[in-house]
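Reader: I'm new to this one, and I'd like to know where the labels come from. Could you walk me through them?

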Amino acid sequence: MEKAKISASQLFILMVLFQLGSALLVPLGMRAKQDVWLAIFLGSVCSFALMIIYYQLYRHYPDVLPTTYVQKILGKHVGKTVAFIYLLYFMYNSSRVLRDFGEMLLTFAYPDTPLFIMNALLMLVIIYTIRKGIEVLARSGELLFMFLYILAVIGFILIIFSGLINLSNLQPTLGDGLGPVLNTTFTETLYFPFGESIVFTMILPYLKHPKKAKFTMICATGLTGINLTITSLINVTVLGVDLASRSQFPLLSTVQSIQVADFLERLDVFFMLALVIGIFFKIGILFYAAMMGTADLFNIKSPSRLSYPLGLVILFTSMIIASNFPEHLYEGLRVTPLKLHMPFLVLFPSFLLLVVYIKRRLKLN
């Protein structure tokens with residue numbers, strides 16, 4: 001483990017930036033149509049149970065990384081295998097987010113630039129930051145967190161003054177019943193982006209005050225849930241359900257619609273800056289977790305030496321995971337939630353916690 005400590009406020013900021021990340025970019029939860037806001041809100045509320053599971057695992061093993069305590073729970077050989085699979089999962093997730101970033105920039109401003117160049121530039125910046133350690137990443141988050149929210153408030157005010165909001169686009173509420181909302185919640189919004197916070201089990205051992213972990217995690221998830229709920233409400237009221245569903249980047253389309261007093265328009269740069277900040281921290285945290293976990297699993301004394309090889313793996317994986325962006329979106333929103341996120345974010349952590357409780361009970365008896 002790195003000899004570093006972060007405060008509860010820094011953990012809160014990192015979690016909010018991580019969860020917002022690419023969730024602001026993609027058409028999250030649009031299968032619920034005009035009730036997408038409700039599916040996102042329910043997903044955030046239900047994810048509180050996942051945060052408690054992750055916290056309970058951390059509470060039983062507060063001083064070691066998950067790559068170590070999984071071996072204590074399941075045994076050395078099985079535990080190492082499971083830990084290694086989780087590291088691959090973190091790297092795969094980071095490559096997906098990196099692909100989101102590259103595709104957004106190509107669509108937004110650089111259509112003639114190769115995707116590899118866009119991804120490689122961001123990856124170099126992330127590698128440089130991660131080599132400095134978790135404390136540097138946390139301090140960077142403190143600097144950029146307020147900037148991100150200032151952009152969000154300005155954008156919200158401009159949308160209101162543009163007269164773009166049409167509340168009738170939210171009707172009829174629950175027009176198809178509660179079924180589509182619950183289906184979207186438990187097949188998509190519960191896992192992405194809230195359940196992905198399992199990666200913070202790799203960061204919790206660096207927390208200065210372990211007792212604040214649970215409250216911080218729940219508060220961060222609640223704030224993100226509110227932010228994404230408001231964002232989805234704005235997207236639907238401005239664009240309408242049909243356009244928001246068809247758009248690859250609904251929030252970008254919303255921001256492009258802003259026009260105040262016939263001179264204040266083309267504010268896409270606000271959207272790009274906010275997205276770059278969120279995606280930078282999401283990839284950075286996933287990458288850091290993979291790097292520290294790999295070093296812990298294979299007893300590598302200098303984790304920073306792994307930054308370049310792991311960074312190259314993530315970079316090249318981002319190029320080959322899908323042949324085009326629609327296929328990438330389909331895999332991310334329809335395939336991975338049930339085939340990857342559900343077992344890795346819900347089923348297996350719950351199983352680990354059950355094994356811990358059984359072992360503790362047997363030991364007490």
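Author: What follows is a chat about a predicted model and the words used for parts of it.

Reader: Let's start with cysteines. How do you know that Cys-46 is in no disulfide?

Author: The structure holds zero disulfides. For Cys-46, the nearest cysteine sulfur is that of Cys-219, and it is 18 Å away. A disulfide needs the two sulfur atoms within 2.5 Å, so at 18 Å the sulfur of Cys-219 is too far from Cys-46 for a bond.

Reader: And what makes Cys-46 "partly exposed"?

Author: Its relative accessible area is 28%. Buried means under 20% and exposed over 50%, so a value in between gets the middle label. Cys-219, with 30%, is partly exposed too.

Reader: Why is Asn-227 called buried?

Author: Asn-227 has a relative accessible area of 16%, and the label applies because the limit is under 20%. You'll find Asn-227 in helix α8, which covers residues 213-239.

Reader: What makes the pairing of Asn-227 and Tyr-149 a polar contact?

Author: Their side chains come to 2.3 Å, and the cut-off for the N or O atoms involved is 3.5 Å, so the pair counts. If you skip neighbours within four places in sequence, Asn-227 is in contact with Leu-20 and Tyr-149.

Reader: Helix α8 also holds Thr-216. Why does Thr-216 count as buried?

Author: Thr-216 is at 6% relative accessibility, and buried means under 20%, so the label fits. Not counting residues up to four places away in sequence, Thr-216 touches Ala-8, Leu-11 and Phe-12.

Reader: What about Gly-43: why is it called buried?

Author: Gly-43 sits in helix α2, residues 36-60. Its relative accessibility is 0%, and the limit for buried is under 20%, so Gly-43 earns the word. Beyond its neighbours within four places in sequence, Gly-43 is in contact with Thr-185, Thr-189, Leu-190 and Phe-194.

Reader: And Val-82, in helix α4: what makes it buried?

Author: A relative accessible area of 12%, set against the limit of under 20%, so buried again. Leaving aside neighbours within four places, Val-82 is in contact with Val-70, Leu-74 and Phe-348. Val-82 and Thr-67 are 15 residues apart in sequence, with their C-alpha atoms 8.4 Å apart in space.

Reader: Now the pockets. What makes the lining of the largest pocket free of charged residues?

Author: The largest pocket has a volume of about 550 Å³. Of the 22 residues that line it, the closest to the centre are Leu-151, Ala-152, Val-153, Phe-156 and Thr-231. Two or more lining residues come from each of α6, α8, α10 and α11, and α6 gives the most, with eight. Only Asp, Glu, Lys and Arg count as charged, and the lining divides into 18 nonpolar, four polar and no charged.

Reader: How does the lining of the second largest pocket divide?

Author: There you get six nonpolar, three polar and four charged residues. This pocket holds about 300 Å³ of space. Its lining has 13 residues, and Pro-27, Ser-245, Leu-329, Leu-333 and Arg-334 lie nearest the centre. Arg counts as charged, so Arg-334 carries that label. Helices α9 and α13 each give two or more residues to the lining, and α13 gives the most, with five.

Reader: Which peptide bond involving Pro-172 is cis, and how do you know?

Author: The bond joining Gln-171 and Pro-172 is cis, with omega about -5°. Pro-172 is found in the loop between α6 and α7. The bond from Phe-192 to Pro-193 is cis as well, with omega near 10°, and Pro-193 lies in helix α7.

Reader: Why point out the phi of Leu-174?

Author: Most residues other than glycine have a negative phi, and most peptide bonds are trans. Leu-174 has a positive phi of about 55° although it is not a glycine. It lies in the loop between α6 and α7. At 33% relative accessibility, Leu-174 is partly exposed.

Reader: And what makes Asn-299 "exposed"?

Author: Asn-299 is at 64% relative accessibility, and exposed means over 50%, so the word applies. Asn-299 lies in the loop between α11 and α12, and its phi is also positive, near 55°.

Notes
Residues numbered from 1 in each chain as written. Predicted model: local features only at pLDDT ≥ 70, side-chain atom pairs only at ≥ 80, totals over all residues. Heavy atoms only, no water. Buried < 20%, exposed > 50% of the residue type's maximum accessible area, 1.4 Å probe, protein only. Helix = DSSP H or I, 4+ residues; strand = E, 2+ residues; numbered from the N terminus. Polar contact = N/O pair within 3.5 Å; in protein donor to acceptor, adjacent residues only side chain to side chain. Contact = heavy atoms within 4.5 Å. 1 Å grid on protein atoms, 1.4 Å probe; cavity = no way out; pocket = protein on both sides within 12 Å on 5 of 7 lines; lining within 4 Å. Points joined across faces, edges and corners; volume = space filled by probe spheres on them.
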